Amino acid sequence: MAQAKERSSIGPRKAPKRKTSDSIFYELTRSMCPVCKVIIDAEIHLKDGQVIMRKRCSEHGRFEVLISPDADGYLDQLRYNKPGDIPLEFSTEVKDGCPYDCGLCPEHKQHACLVIIEVNTGCNMACPTCFMDAGTGYNLRPDEVETMLDTFVRTEGDPEVVQFSGGEPTIHPQLLDFIKMAQEKGIRHVMVNTNGRRLVEDPEWAAEFCALNPMVYLQFDGFEEETYLKLRGESLLDEKMAALEVLQKHNINTILTATVERDVNEHEIPAIIKFGFKHPAVRGIMLQPVFHTGRHLEYLDPMNRVTIPELVQRIDDGMDGQIVKSDFVPVPCCHPSCQSIAYAYIEGEEVTPLARIIDVDEYLDYITNRVWPDAEGEIRDALAGMWSSSAAPGSDTMADDFVCATCNVDFRIPDNVAKHIFAITIKDFQDPYTFDIKKLMKCCVEIATPDGRLIPFCAYNTVGYREDVKKEIMMSRARERLERRANGSSAKEAAASSGDAD
Ligand code: SF4
Ligand code: SF4
Ligand code: SF4
């Protein structure tokens, strides 16, 4: 009785109120600590219409990074997740687990659509944003490049695209031999990434280079002096225009590649695309939000980084309806959040996005549309060829795919269709902040190494492979130099024959 009396004098108990979480926990993945690079769990959350990654390193604390400003689009893009094609051969075994067994190891979920060969570490520029920290190091030798090409041919059977990169590949003394070698090995498309400086400074070499007809990815970040000063450390617009003149003179299919940095050149994107539409050499634009590796490690604010949906929106806002949001479709061969492409057919002033001629979105929806009658299966294959990392705007392959894709619609196709197709590609490369193992395991863009590995690009630049490969090459060069010296060569001869960079 006494107890009951006591309770009633206190009154009903006030239960503490539970707080609702500020986000929806969507999925668990693996990422890395941006400080020590240790692989750690990461949670993907949906919050206020955005997608964010949250992770915690036991040493360095908690990190949060913006994955996408568009949660609906992020969830919807999974429809484009195509089943991977398995390579004919793997180069490594499963031993320590992803991402330490690259590669490709038997756990990898996709073949290599595109292989990059970095022929040197040196460059004739010194950009503060350089993701590979170009500088002194090595030039690859022909035997090493041949091993890389042979690995690509062996693992793919019918390899599609090799891209020579660097450093700055055009200053490698044997780049032209490497291009010929790739072509002789039957690789369908040979591309070269360049800042364009040698094309302008060395016309004789430029003519020889262009005679081999590679596709050129020309660094081109905008039209404002401030943009080049901030991204490249020097004023460059005149040089870029001169490089484009050279490429136009030699009829070289060119893609303008812009690095996009917050508060530097996001606003220039529509102008770059409009310029590309009109320039006779330009077959496409590649937009790459800046990623933080190499010498550009510092993030001002990981929650305010440039993303694919933001760039798509900027294009939609700034292109007067020529290209809109719905013209972009995620690329199904890699993880669909890695890149998006819009194609347009250009005829004079008229721009016709492909997604408004046929329902690309429906054809490339792999989750809901499983069974296709034969004719439509062909159309789907043609579109999959265009929405792929191996797509080569301006090539006959692309023209064939375009003709096939539009065969059932009323659309006039001229003979030289390849020159009329324009691609706008946006790639969101990963850095230690945004690193997500589920994307990496389906990567279709690999960097070849002299020891016969093909390492996914985003693993190469974040996990430590770049540093390890450089160290291995430098050590083997040093050993070779010592052996040659021991056999009586002069220091200069020994350095030259071991392929050291200038
Ligand atoms: S990224 Fe691919 S190749 Fe590398 S370890 Fe993971 S599964 Fe293997
Ligand atoms: S970003 Fe390209 S051009 Fe600039 S320093 Fe690096 S390799 Fe050279
Ligand atoms: S390189 Fe990076 S962004 Fe591109 S497909 Fe591979 S994982 Fe995705």
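Reader: Which residue stands opposite R54 in strand 4?
Author: Let's start with the two strands. Strand 3 (residues 50-57) and strand 4 pair in the antiparallel sense over 7 bridges; strands pair if DSSP finds at least two bridges between them. Strands are DSSP runs of E with at least two residues, helices are runs of H or I with at least four, and both are numbered from the N terminus. Opposite R54, in strand 4, stands E64.

Reader: What kind of model is this?
Author: Residues are numbered from 1 along each chain as its sequence is written, while chains are lettered from A and ligands numbered from 1 in the order in which they are written. Local features need pLDDT of at least 70, side-chain atom pairs count only at pLDDT 80 or more, and totals for chains, interfaces and linings use all residues, since the model is predicted.

Reader: How many residues lie between strand 3 and strand 4?
Author: Good one to look for on screen. These two strands form a hairpin. The number of residues between strand 3 and strand 4 is 3.

Reader: Which strands are at the edges of the sheet?
Author: The open sheet has 4 strands in the order 1-2-3-4, with antiparallel pairing. An edge strand pairs on one side only, and that holds for strand 1 (24-32) and strand 4 (61-68).

Reader: Which residue in strand 2 is the bridge partner of E27?
Author: Strand 1 and strand 2 (residues 39-47) run antiparallel and are joined by 8 bridges. Within strand 2, the partner of E27 is I44.

Reader: Is helix 3 roughly parallel or roughly antiparallel to helix 4?
Author: Helix 3 (residues 142-156) and helix 4 (residues 175-184) pack at about 30°, with axes 10 Å apart. Axes are lines fitted to C-alpha atoms, for helices over the stretch in contact, and angles run from 0 to 180 degrees between N-to-C directions. Angles under 35 degrees count as roughly parallel, over 145 as roughly antiparallel, 65 to 115 as roughly perpendicular and the rest as oblique. So helix 3 and helix 4 are roughly parallel.

Reader: Which residues of helix 4 meet helix 3?
Author: Two residues are in contact if their C-beta atoms, placed from the backbone, lie within 7 Å. From helix 3 come P142, V145, E146 and L149. In helix 4 they meet D177, F178, M181 and A182.

Reader: Which residues come nearest to ligand 1?
Author: A residue is near a molecule if its C-beta atom, placed from the backbone, lies within 6 Å of it. There are 13 residues around ligand 1. Those that come nearest are C98, C102, G103, C105 and H108.
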